[in-house]
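Colleague: Could you take a close look at the nonpolar core of this protein for me? I'd also like to hear how far the model can be trusted.

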Amino acid sequence: MTVDDKGDPDPHAEDSGEDPLALRLEQLILGAERRYTPFQAARSAGVSMELASRFWRAMGFADIGQARALTEADVLALRRLAGLVEAGLLSEAMAVQVARSTGQTTARLAEWQIDSFLEGLTEPPEPGMTRTEVTYPIVELLLPELEEFLVYVWRRQLAASAGRVVQAADDEEMVDRRLAVGFADLVGFTRLTRRMEEEELGELVEAFETTAADLVAARGGRLIKTLGDEVLYAADDAGTAAEIATKLIETMAHDETMPELRVGMAFGTVTTRMGDVFGTTVNLASRLTSIAPKDAVLVDSAFAEELIRTGDAPASEAQAAEEAAAAEKEGEEPPTYRFVLQPTWQRPVRGLGVVEPWLLSRREGVD
């Protein structure tokens, strides 16, 4: 039930045409009843309507005119953001960025939870029951647990990200950092979309994204985003990124339900914004992915040089053979390399000039 400005029942609520159960569900999730119009909420929070609108749009919420649809929680959120600005902790532009990044991230999470999680749990257990009749008690039980888990994961991610920032060499490196960036792309995905049913296609994409996300996380990389048939990830060093790429190829090759995979990687300066990465290094990795052979990894010369510098790959197989022979002669253990680099023909890459890609593979006998 909604209320008016005095706390009395809103006489217009029943005329809104909205489903009563949907309103109950909204109240359960938000923890408060509808009370304010946008103007009233902005006034109660002590901010201008213009700034309130900027915050709401940044969080991904549609304009609602002067409908009474906002709660005490909306007022508190506005007050907190505005308070950070007033205290000088954030600029107004930064506060809007905070609202936008949080809104975009949680919107996708909420959509996933409803589409893939909640729908499966709210199948009517008995004939004659509707999904809506089952949804309310399920949400009531799950909401506090999911909320606690969300805060836990966010704090864990925040701690990891803060750790990477404080280890940066200087202030500039906190924004523009040298990273290894990789794209993994399913080959022939467009053709698959014409042959497969929508449900099958959805299952394939979910399996690919899940496998990729698990491998990236397990080996110390960071999944930046997924694009259906493609994932973008980053790592602090070339060796970690190479390990992820080769493991992705090996894992997908053993799954008969998956199409071939190709990976392109580059190493260099990357600009980070709102959890995403930008710059020439990212563009180059994307271009290399488009020309990489099936079930293969293609890297740029800077990536290859970094692997050689860190001792993860020899400059050439001839060098590796010479080092092994010299070590054997001296009765010592030869250097151990994880990867093999094979130079390919130089070629022009649209928008980036001529590049010299290298084929990357795991050295035989190395897991």
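Modeller: Happy to, starting with confidence, since this is a predicted model. In the protein chain, strand 6 (residues 296–299) has the highest confidence, with a mean of 96, while helix 7 (residues 189–195) has the lowest, at 77. The chain as a whole has a mean pLDDT of 84, and 88% of its residues reach 70 or more. Please be careful with residues 1–15, where the pLDDT is below 50; that stretch still has 25 contacts in the model beyond near neighbours in sequence.

Now to the core you asked about. The largest nonpolar core holds 38 residues, and Met265 and Phe303 are those with the most contacts inside it. Helix 9 (residues 238–253) gives the most to this core, contributing 8 residues. If you centre your viewer on Phe303, you will find that it touches Met265, Ala266 and Phe267, along with Ala180, Ala238, Ala241 and Ala242, leaving aside residues up to four places away in sequence. Apart from this core lies another one, of 18 residues, which include Tyr36, Ala45, Leu51 and Ala95.

One helix pair is worth a look as well. Helix 2 (residues 38–45) packs against helix 3 (residues 49–58) at an angle of about 105°, with the axes 9 Å apart, so helix 2 is roughly perpendicular to helix 3. Helix 2 makes the contact through Pro38, Phe39, Ala41 and Ala42, and helix 3 through Met49, Ala52 and Trp56. The residues of this contact comprise 7 nonpolar, no polar and no charged.

Terms used:
Residues are numbered from 1 along each chain as its sequence is written. This is a predicted model: local features need pLDDT of at least 70, side-chain atom pairs count only at pLDDT 80 or more; totals for chains, interfaces and linings use all residues. Side-chain values use heavy atoms; hydrogens and water are left out. Axes are lines fitted to C-alpha atoms, for helices over the stretch in contact, and angles run from 0 to 180 degrees between N-to-C directions. Helices (H or I, at least four residues) and strands (E, at least two) are DSSP runs, numbered from the N terminus. Angles under 35 degrees count as roughly parallel, over 145 as roughly antiparallel, 65 to 115 as roughly perpendicular and the rest as oblique. Contact means heavy atoms within 4.5 Å. Ala, Val, Leu, Ile, Met, Phe, Trp, Tyr, Cys and Pro count as nonpolar, Asp, Glu, Lys and Arg as charged, and the others, Gly among them, as polar. A nonpolar core is a set of buried Ala, Val, Leu, Ile, Met, Phe, Trp, Tyr and Cys residues joined through side-chain atoms within 4.5 Å. Buried means under 20% relative accessible area, exposed over 50%, partly exposed in between (1.4 Å probe, protein chains only). pLDDT is the predictor's confidence in each residue, from 0 to 100.
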